[in-house]
Every structure is written in C-alpha cells, then in structure tokens.
Amino acid sequence: MKLTSSGALAAAAFLAVSTPALAHVSFDNARTTANATYKAVLRIPHGCEGQPTLKIQVRIPEGVIAVKPMPKAGWTLETVKGPYVKAYDLSGTPVAEGVTGITWAGSLDDGHYDEFVFQARITDIFQPGATVYFPVIQECANGREEWTEIPAAGQDPHSLKSPAPGVTITAAAAASAPAPIKAGALTIEEPWSRVTPGGAKVGGGYLRITNTGSTPDRLVGGSFPLASRVEVHEMSLDGTVMRMKPVEGGLEIKPGETVEFKPGGYHLMFVDLKEPLKEGQTHKGTLVFEKAGTVEVTYPVRGMGGQAAPAAEHKH
Ligand SMILES: [Cu+2]
C-alpha cells in the first residue's frame, strides 16, 4: 500500500498485523497440494487510496502451469503467453509454454469488494511447506498498488507493506491420509518419517495410536528395514536444552487414550540407519505391542519443509 504520512503508516501497520486479510490482496484459499489443480480466488478488498480499480494484472511464477483464467462479466480478459524456463510434465505430456500473465480490465469501486478467479497447476518444483507467490498489480484511475513484495528466507511475510498474495504447499499425504490401521483395540493413523541429512545415523517415525479398548496396551518395540533397531523416545527439558531419551519398559497406551508421536515429542527412533531416508520413499516397518502383537506400518518419507523440529532432537 502507498502511504502518505507516518500516522497513516502506524495505523496501517497496526491494521496489517490484526486483520491482514482485510487490508491486502490475497487468495481466498491459500493452501493446496503440488501437482493438483488449484482454484485461485484473488480477493481485491479495496481500490487505491479511494480510487476505483480499473485493472488487475497477475504474474504467473515459474513452475505454475496450465493456467486458465475465468472470464468475468463486465471485465475484459487478456492473457500473455510465453515459454517456461523448463518443460513440465502434465499428465504425461511435456509442456514448455503457457500463460505467464493475466489482465482483467473493468471498474471496481473503492467501496466494493470483488474476486478474480483462475485455475492453475502448481508443479512439484515447490516442496511441501513452500509458499508460491503471485505478484499482482492493481491499477487505478490515479495510480497503482504493487502487491509484489516476496519475503526473503526467514522473513515474516506480515512485516511486508505490500506482499504478493501467496499459496502454501501442503504435503499430499496429509490431504489424502491413508486408512487407519486397526490392530485389536488399537488404531494407528498417519504414519510418516522424515528425510535425513546425509550421514545421519538416526531417523524419526511419527504417527498416532489410539486405544479404543478397555484395557491398557504397551508399545514395546518395532522394526524398520534400514535401521538396526527401533526405540521409543520421549523429549524432556534438561535445563534449557531439549533432549531425548528412550522410554524404559515401553510406552503404555491407556484405554481411551490417543498418543501422538511427532517431531519434538514422543517419536520412534530408527537407530543406526544404513542409508539416508529420501523424500518420496515409503518404508514398511513394524510396531510390536504387548497385547495387539506385531503390526505392519508403512512410513512415507516427507521433506523437512513445514515440519522442521529443533536440531536438538537428534542429539543423544
Ligand atoms: Cu530420538
């Protein structure tokens, strides 16, 4: 946003912190998975300092393909096409060019709100946890707002005055979770493991175990194909440092209780890894319970993005 006085700046900064969705151009649904069609609904909440909006221009970033804007009554629609930096696979067909820009031209009063829609396929050059930014230029009768700022690595997007609207990529596995595993009175859900940096000797296993029965059970061990053994670990605070240690005698799962294994909490430790765990792999291991016995569990390996745990987690 363009601002004219320090008073306005302070007020706008406050507004941006408390109600960013009202102040900024943004997407209605700012989460999607890679390699799926994303319906982008761009919200234009106001004009430029009281002026009506006459044009909305969206720049399509590299790695976003098969873009189709939706025509809008009362607005003319134009697209710019061009070559991509590289060819992308679209259901088995390589595509090397496509829409790189969209312009809607019409008029939208400053006191009104409107939405502009396009669909696009965000390719898997974007990892889960990444945000894909679509710079937008809003032209008005008497000037323009440039929603083109992209946060640097580690920078809080809320600290930007005119951030480009972004959509965050979520892990596909989370969007289409596999069926829960049933073993006796236990239900095991959403197992996953995390990529390990080269040379790491341990990996982590995460999932959720619910005891639907009326007696306690106990997780006493397990197996993982690339590890020499599997331990159940918990995190605890040692002074100011989080450390992990094996749970002695196995972990009790009480009747009616759900135990969450997650980065920074209880986790399965795959000890003495023979090779690193890579994104996209799946590994079939087992969990061993006192009552429910041996249960087969398949762990998809996911990236670090959005799931990063404190580095201390892997210090024994
Ligand atoms: Cu551990």
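**Close-up views of a predicted protein model**

**Figure 1. The whole chain, as predicted.** Welcome to the model: the protein chain has three helices and 23 strands. This is a predicted model. Of the 316 residues in the chain, 26% are buried. Look also at contacts between residues at least 6 apart in sequence: 69% of these join residues at least 24 apart.

**Figure 2. An open sheet of three strands.** In what order do the strands of this open sheet lie? The order is E2-E12-E9, and the pairing is mixed. Strand E2 (31-33) and strand E9 (131-133) each have a single partner strand, so they stand at the edges with one side lacking a neighbour in the sheet. On average, neighbouring strands here are turned by 35° against each other, direction ignored.

**Figure 3. Strand E9 beside strand E12.** Here we zoom in on one pair from that sheet. Strand E12 covers residues 166-170, and three bridges join E9 to E12. The two strands run antiparallel. To find one of the bridges, start at Thr-131, whose partner in E12 is Thr-168.

**Figure 4. Strand E16 and strand E19.** Which way do these strands pair, parallel or antiparallel? Strand E16 (residues 217-223) pairs with strand E19 (residues 251-253) in the antiparallel sense, over three bridges. Try spotting Arg-218, which has Glu-252 in E19 as its bridge partner.

**Figure 5. Strand E16 and strand E22.** E16 also pairs with strand E22 (residues 282-289), in the antiparallel sense and over four bridges. In this view, look for Leu-219, which stands opposite Phe-289 in E22. As a reminder, strands of a sheet pair through backbone hydrogen bonds, either parallel or antiparallel.

Key:
Residues numbered from 1 in each chain as written. Predicted model: local features only at pLDDT ≥ 70, side-chain atom pairs only at ≥ 80, totals over all residues. Buried ≥ 20, exposed ≤ 12 C-beta atoms within 10 Å, placed from the backbone. Contact = placed C-beta atoms within 7 Å. Pairing = 2+ DSSP bridges. Axes fitted to C-alpha atoms, helices over the stretch in contact; angles between N-to-C directions.
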